[in-house]
Amino acid sequence: MCPNMYLNLQEYIRFGGDISIHAEEYSRIEYAARRRIDLYTFGRVKHMREVPEAVKRLMFEMIRPQALSATAANSTSYHSRECFFSSRTCVYCPAGTPISR
């Protein structure tokens, strides 16, 4: 069986990800990306002994934009960022609630 995460924080950083992301925030973003992969693969990856390299690279590509947004959010209280897995742009209020445009 696969470990819980398809791409852990250390692997994400090794692939070139931002080192300043908080572990809790990374965990939240990784979970959403993992669930998306499980949806499209009908859960096959979670039953594998090891996560294939292709899945890890896809996870990186899915996580990176959100991780960069999360890092930017920590430095400003009001910002604009892309919605996860969406082409719509959302604005987030200081409390983190999305306000769609």
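In this predicted model, the side chains of Glu53 and Arg57 meet in a salt bridge, with N and O 3.2 Å apart. Being 4 residues apart in helix H3, Glu53 and Arg57 sit about one helical turn from each other. Both ends of this bridge are partly exposed: Glu53 has a relative accessible area of 42%, and Arg57 one of 48%.

A search of the whole structure turns up 4 salt bridges, and helix H2 holds a couple worth a look. Glu25 pairs with Arg28, the closest N and O atoms being 2.4 Å apart. These two are 3 residues apart in H2, again about one helical turn. Glu25 is partly exposed at 24% relative accessible area, and so is Arg28 at 45%. Further along H2, Arg34 bridges to Glu30, with the closest N and O atoms 2.7 Å apart. Here the spacing is 4 residues, about one turn of the helix. This bridge is a buried affair: Arg34 comes in at 11% relative accessibility and Glu30 at 0%.

Glu30 also keeps some interesting company. Setting aside neighbours within four places in sequence, Glu30 is in contact with Met5, Tyr6, Leu7, Met59 and Ile63. Two of these partners, Met59 and Ile63, turn up again in the largest nonpolar core, an 18-residue set in which Tyr12, Met59 and Ile63 have the most contacts. Helices H1, H2 and H3 (53-75) each supply at least two residues of this core, and H3 gives the largest share, with 7 residues. With the same sequence neighbours left out, Ile63 touches Leu7, Tyr12, Tyr26, Ile29, Glu30 and Ala33.

Then there are the aromatic rings. The count comes to 3 aromatic pairs. In one of them, the rings of Tyr12 and Tyr26 have their centres 5.3 Å apart and their planes at 45°, so the pair is tilted. Tyr12 lies in helix H1 (residues 9-14) and Tyr26 in helix H2 (residues 23-41), so the pair ties together parts that are 14 residues apart in sequence. Tyr12 and Tyr26 are both buried. Ring pairs link these two tyrosines with Phe15 and Phe60 into a cluster.

Phe42 is another story. This residue is found in the loop between H2 and H3 and is exposed, with a relative accessible area of 71%. The backbone of Phe42 also stands out: phi is near 55°, a positive value in a residue other than glycine.

Notes
Residues numbered from 1 in each chain as written. Predicted model: local features only at pLDDT ≥ 70, side-chain atom pairs only at ≥ 80, totals over all residues. Heavy atoms only, no water. Phe/Tyr/Trp six-rings, centres within 6.5 Å; stacked < 30°, edge-to-face > 60°. Buried < 20%, exposed > 50% of the residue type's maximum accessible area, 1.4 Å probe, protein only. Core = buried A, V, L, I, M, F, W, Y, C linked by side-chain atoms within 4.5 Å. Contact = heavy atoms within 4.5 Å.
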